[in-house]
Amino acid sequence: MKIFTSAQIKELDRYTIEHEPIPSIDLMERAAKALTRAVTDMWNNSVPVIVFAGPGNNGGDALAVARMLGDQGYQVSVYLFNISGHLAEECAANKKRLTESKHIKSFIEVTQEFDPPRLEKGMLVIDGLFGSGLNKPLAGGFASLVKYINASQAEVVSIDVPSGLMTEDNTYNVRANVIRATITLTLQQPKLSFLFPENQMFIGQLKVLDIRLSQEGTEKIEANYTIVEEAQIRSMLLGRDPFAHKGQMGHALLIAGSYGMAGAAILATRACLRSGVGKITIHTPKKNREILQIAVPEAVLQFDPEETIFSEAVDTEDFDALGIGPGLGQSETTAIPLIAQLRRATCPIVADADALNILANHRAWLQQLPKGVILTPHPKEFDRMEGHSADSYERLTKARHLAERLQGYVILKGRYTAICLPDGHVVFNPTGNAGMATAGSGDVLTGIITALLARGYKAPEACVVGVYLHGLAGDLAARDLGEESLIAEDIIRYLARAFKRLKE
């Protein structure tokens, strides 16, 4: 699913109007019907409704919804804000239709002074003030109205976008001047800003309404952002030859686990084995010998000369993929062999955890990373590498630029993990849940992606499929166990079910 910018949303509207073809007022009517159905599915007509409509197309949607609710017996009071004395064409048309309706409780067009209605618990506010076209923070009377609505106990439905929230970049927005919706009914597709954690307080429950915008137009408009869908993942999966043997299923190398952190190596190794790799070798300090031999008997052990840390880069000629970093430690004795290992590796690389922390402490080393490297930071690890970001949009922008600069892949982990590709595109992952916010979850992801690379997946597919599988396994585990008690080991245990679901 593509995620369009506000400019591209307008372009898609125009394309639909021109090529369906459909008059713009009829397209607005179609959207309003979908919005009205969503409202009536959740609230019956005993609930008093207050509609706040702005002068643009979002206001036009709100006026059409008000008319349709009135026709269904709802007690609707409407406030249309026309401070500048100019309404968008479709908004003006819907104002005319509304004023001709006999089923509206009251209609007030605000041109100067505004005496706000009393908003109480048990009432429903429909926010149609500003939609996806907003490009600056709200101020003055509109900011005061937003604060007034937010201070009330009324439930709030926002049309398309909560008023005051911008569809992409809210870095310099005034967060106090954004509607906090109970439910956001967005049209056709989620907006980029909806995927960022700091904006969830404004969106509330999100429902995406299909208003049948042109499929042809959707395909023609290029998007820098997409959300991966399960059908795409299924199409990427490699088959398994019935006559295959372990030598054809890939040999992965995992460099992980300083002494006292062997658990990270165990989790990454088990995840790698559960993701279809034919063989895995773990390079680890000598003191991890017994615990790893017991915990992962399927793995081949290769010991570092040092007792407790990684101290010497190893040859990767015999390996199909390298995963490095889980539990590695950040000793300076480890830092030098780490960059040497990354520079001399002859196979695809996944760098995570302490490998990223070491790179953050030696930021000039980032330019020495080989093309195609896969970095898997969580937000704090990324900020250590690229500097503090004010919000998720700024962090995502930096991650895109880093992937382009390195000609590699940056997997920025989160609720909607962002996979930043070397060409500037970003693929968001929809699977996963809050139960996966637990120690070791990232080590599991490293193991999965390393296995897929070793199996023969190209880097883009390994990243996208690996992140999706990781989240899907977590979702299946949470469904059975609940989010609260989910641990990293559960994600590994449910990988088999995740693969099975995608293969069936």
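This briefing describes the sheet, selected helices, loop residues and salt bridges of one structure. The model is predicted. Its strands include eleven that form an open sheet with mixed pairing. By the distance rule applied here, the structure holds 17 salt bridges.

**The sheet as a whole**

- The eleven strands follow the order β1-β9-β18-β17-β16-β15-β14-β13-β10-β11-β12.
- The edges of this sheet are taken by β1 (2–3) and β12 (300–303). Each of these two has a single partner strand, so one side of each is left without a neighbour in the sheet.

**Strand β10 and its partners**

- Five of the five residues of β10 are buried, so this strand is largely enclosed by the rest of the structure.
- His-251, Leu-253 and Ile-255 point one way from β10, while Ala-252 and Leu-254 point the other way. In a regular strand, side chains alternate between the two faces of the sheet.
- β10 and β11 run parallel and are joined by five bridges. Within this pair, His-251 stands opposite Lys-279 in β11.
- β10 and β13 also run parallel, with four bridges between them. Here Ala-252 stands opposite Ala-321 in β13.
- Together with helix α9 (residues 262–274), β10 and β11 make a right-handed β-α-β unit.

**Strand β11 and the edge strand β12**

- Strand β11 covers residues 279–284 and runs parallel to β12, to which four bridges join it.
- Thr-281 stands opposite Val-300 in β12.
- Thr-284 also lies in strand β11. Its relative accessible area is 1%, and Thr-284 is therefore buried, the limit being under 20%.
- Not counting residues up to four places away in sequence, Thr-284 touches Ala-256, Gly-257, Leu-292, Gln-302, Phe-303 and Asp-304.

**Helices α11 and α15**

- Helix α11 (residues 332–344) lies across three strands, namely β10 (251–255), β13 (321–324) and β14 (349–351). The helix runs at about 160 degrees to β13.
- Helix α15 (residues 441–455) has 15 residues. From its first C-alpha to its last, α15 reaches 21 Å, close to the 21 Å expected at 1.5 Å a residue.
- In α15, 15 of the 15 residues are buried, so the helix is largely enclosed by the rest of the structure.
- Gly-456 comes just after α15 and takes a positive phi of about 115 degrees.

**Backbone features in loops**

- Glu-20 and Pro-21 are joined by a cis peptide bond, with omega at about -20 degrees. Pro-21 lies in the loop between α1 (6–19) and α2 (24–42).
- Ala-353 is a residue other than glycine with a positive phi, near 50 degrees. Ala-353 is placed in the loop between β14 and α12 (354–361), and counts as buried at 14% relative accessibility.
- Gln-407, likewise not a glycine, has a positive phi near 55 degrees. Gln-407 is found in the loop between α14 (392–406) and β16 (409–412). With a relative accessible area of 35%, Gln-407 is partly exposed.

**Salt bridges**

- The side chains of Arg-67 and Glu-29 meet in a salt bridge at 2.9 Å, N to O. This pair links distant parts of the chain, with Arg-67 in helix α3 (residues 57–71) and Glu-29 in helix α2, 38 residues apart.
- Arg-67 and Glu-29 are both buried. Glu-29, Arg-67 and Arg-97 are linked in a network of salt bridges.
- Asp-352 and Lys-413 meet through their side chains in a salt bridge of 3.3 Å, N to O. Asp-352 lies in the loop between β14 and α12, and Lys-413 in the loop between β16 and β17 (418–420), so the pair ties together parts that are 61 residues apart in sequence.
- Asp-352 is buried, with a relative accessible area of 2%, and Lys-413 is buried at 16%.
- Asp-383 forms a salt bridge with Arg-395, with the closest N and O atoms 2.9 Å apart. Asp-383 lies in helix α13 (residues 379–386) and Arg-395 in helix α14, so this salt bridge ties together parts that are twelve residues apart in sequence. Both Asp-383 and Arg-395 are buried.

Technical notes: Residues are numbered from 1 along each chain as its sequence is written. This is a predicted model: local features need pLDDT of at least 70, side-chain atom pairs count only at pLDDT 80 or more; totals for chains, interfaces and linings use all residues. Side-chain values use heavy atoms; hydrogens and water are left out. Two strands pair if DSSP finds at least two bridges between them. Contact means heavy atoms within 4.5 Å. Axes are lines fitted to C-alpha atoms, for helices over the stretch in contact, and angles run from 0 to 180 degrees between N-to-C directions. The expected span of a helix is 1.5 Å times one less than its number of residues. Buried means under 20% relative accessible area, exposed over 50%, partly exposed in between (1.4 Å probe, protein chains only). A salt bridge is a side-chain nitrogen of Lys or Arg within 4 Å of a carboxyl oxygen of Asp or Glu. A crossover is right-handed if, with the strands pointing away from the viewer, the path from the first strand over the helix to the second runs clockwise.
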